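Reader: Before I rely on words such as buried or cavity, I would like to see each one set against its definition. Could you take me through them with the model in view?

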Amino acid sequence: MLKIKSLIAEKIYEGVVDINPEAEISAQDIAGMLEYPPDATMGDLAFPCFKLSKTLRRSPVQIAATIAQELKAEAIASAEAVNGYLNIKISNEYLGENVLPEILQKGEKYGAPAIGEGKTVVLDYSSPNVAKPFHIGHLGTTVIGHALKKLHEFAGYKCVGINYLGDWGTQFGKLIVAYKLWGDKEQIEKGGIDKLVELYVRINNTIKGDEENGIPQRADLADQAREEFHKMEIGDEENIALWKWFVEISLEEYQKTYKQLGIEFDSYKGESFYTDKMPAQVEKLRESGLMKIDDGASIVDLDEYGMPPCLILKRDGSTLYPTRDIAAAVYRKEHYNFDKCIYVTSTQQILHFKQWFKVVELMGYDWYDELVHIPYGTVSLNGAKLATRTGNVVLLKDLFAAAIDKVKGIMAEKNPELAGNEEIAEAVGVGAIVFYYLTNNRIKDINFNLEDALSFDGNTGPYVQYTYARTCSILDKVGESYGGKIVISNDAEAALLKTLCQYEERVLSAIKDYEPSVITRFILDVAVAFNKFYHECSILNVDDNNVRGTRILLTEATRNVLGSAFSLICLKKTERI
């Protein structure tokens, strides 16, 4: 559609110049003003002439009427002036002769904008805390982050996906104390991360005690935990070995989830990697005079920028999250020379990122404006917010398992003979959760409902995966290849092509706004357009060879575009359901 918009804009520009040769507007400006009418009966594209009224010193109605008379191009079927708008219908012949062949010729590359060549994007996402399991609250950073990575790769960027593991801190001192008191190596190796969580919960409950049940507080264990972590910091071999083991167990569990989502990372450098890189940044802050002492803590005062102070060091000299994030950003710039470094975290961390981004700027790093924070909303389950302290947490593996089981039940009822149903059930079950999540604008809070997500009707993952499977089923029945004339003979055929050719435009919009939901909505638009075409147009049982061949090619084009778009949002292609 971008090419069509450009062609039409050139012709409108010629009309503008005929009215006023000195008009200060370009064809590119006009292309950006073209709109999609709210009703298809009004045309495929509309140009609001109100925006030219001041430049051309005429009423919008006069401008529209004048330009419409001479607006002719290969891509234009008709142009009508209506109340100051130019309503334009795209030529079916142009769609058939230009758009459909291009989709088929480019295949998986169709819709890929060439904007990222020679540029590098680093993406920091998912990043769970070691020794704690994935829960539904981690879904956002993981699937939004990976979708943004896939979108940028599709546009030609070199992308580096970083899983910035929470693998350092006093919580490991607690875990070491708990393991030495109550741990059993064989049980942990068998039970994995769940056993680590049990130990962590037990040590915390023991430290705080339970007055109601007469269980005293054990503050001495908190002191022991700090001591064990300090031993880690100075390289104690036993504690470092335990810590590495805890990390290994956690990663093994996380990889199961990543495999289900089809996600791979380029780096797992967590917080621990930057411990020896922070002192240099602290010293730079000190030498520049930015760092001040406030009640024993070291801070950067951000009052003049409307923000609270950014804490760099605690009273005891230990570092904080901003210190680590600054050190990590400097390392990534030096190591990857990124053009953008994207951080995908919840809206609760907006202030944190504003603060340390500003500190990076004040430190004189001229790449501060290449740091981008992408926040997303909170998740609730049937209206209840998730909170670890109340135990209202749904583990992601349990949610995936429940979704897969439900899909298996549906498949057993509708298609019990389907081969490979385990793999398909997983693709549909996990895909349903991902699609449900990514259908929403990322900044909005989400109330998760599994029944709605798994529906095969409406705006869901199973619906679009079923549509993809339908295209595959049709194409499996095609015997010979088609080499006849392309004939667009039906409104549903034209509507499908007009939807497909918006792909590149939607990809650019998703990248610009860091918004994967643009792609999920596009996928839904394609699915709706294809199913309308499927129900209104016989595809294989048509006497006219040209019509039959055209509809087969339309089906192939739909399969290609849907499959390509699926890969951008962690949705697996399902050839059968």
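Author: Helices are DSSP runs of H or I with at least four residues, strands are runs of E with at least two, and both are numbered from the N terminus. The model is a predicted one, in which local features need pLDDT of at least 70 and side-chain atom pairs count only at pLDDT 80 or more, while totals for chains, interfaces and linings use all residues. Residues are numbered from 1 along each chain as its sequence is written, and side-chain values use heavy atoms, with hydrogens and water left out.

Reader: What makes a space count as a cavity, and how many cavities of 30 Å³ or more are there?

Author: On a 1 Å grid over the protein atoms alone, a cavity is a set of points where a 1.4 Å probe fits but cannot get out, and lining residues have an atom within 4 Å of a point. Grid points are joined across faces, edges and corners, and a volume is the space filled by probe spheres set on the points. By this rule there are two cavities of 30 Å³ or more, the largest with about 50 Å³ of space and the second largest with about 40 Å³.

Reader: Which residues line the largest cavity, and which helix gives the largest share?

Author: The lining consists of Asn-129, Val-130, Ala-131, Lys-132, Gln-171, Phe-172, Leu-175 and Tyr-200, and helix α7 (residues 170-182) gives the largest share, three residues. Ala, Val, Leu, Ile, Met, Phe, Trp, Tyr, Cys and Pro count as nonpolar, Asp, Glu, Lys and Arg as charged, and the others, Gly among them, as polar; on that basis this lining has five nonpolar, two polar and one charged residues.

Reader: Why is Ala-131 called buried?

Author: Buried means under 20% relative accessible area, exposed over 50%, and partly exposed in between, with a 1.4 Å probe and protein chains only. Ala-131 has a relative accessible area of 6%, and is therefore buried. Ala-131 lies in the loop between β4 (120-124) and α6 (139-154), and has a positive phi of about 75° although it is not a glycine.

Reader: What makes a positive phi worth noting, and why is Asn-83 called exposed?

Author: Most residues other than glycine have a negative phi. Asn-83 has a phi near 50°, a positive value, and is found in the loop between β2 and β3. Its relative accessible area is 63%, so Asn-83 is exposed.

Reader: How do you know that β2 and β3 pair?

Author: Two strands pair if DSSP finds at least two bridges between them. Six bridges join β2 (76-82) to β3, and the two run antiparallel; in one of these, Val-82 has Tyr-85 as its partner. The two strands form a hairpin with two residues between them. Strand β1 (residues 45-48) also meets the rule, with four bridges to β3, again antiparallel, and Ala-46 has Asn-87 as its partner there.

Reader: Which residues of helix α4 are buried, and how do you know that they are on the same side?

Author: In α4 (residues 60-70), Pro-60, Ile-63, Ala-64, Ile-67 and Ala-68 are buried. They cover an arc of only 120° around the axis, which puts them on the same side of α4; the arc is that of the directions from the helix axis to the C-beta atoms. The face turned away from this buried side carries the exposed residues Val-61, Gln-69 and Glu-70.

Key: 1 Å grid on protein atoms, 1.4 Å probe; cavity = no way out; pocket = protein on both sides within 12 Å on 5 of 7 lines; lining within 4 Å. Contact = heavy atoms within 4.5 Å.
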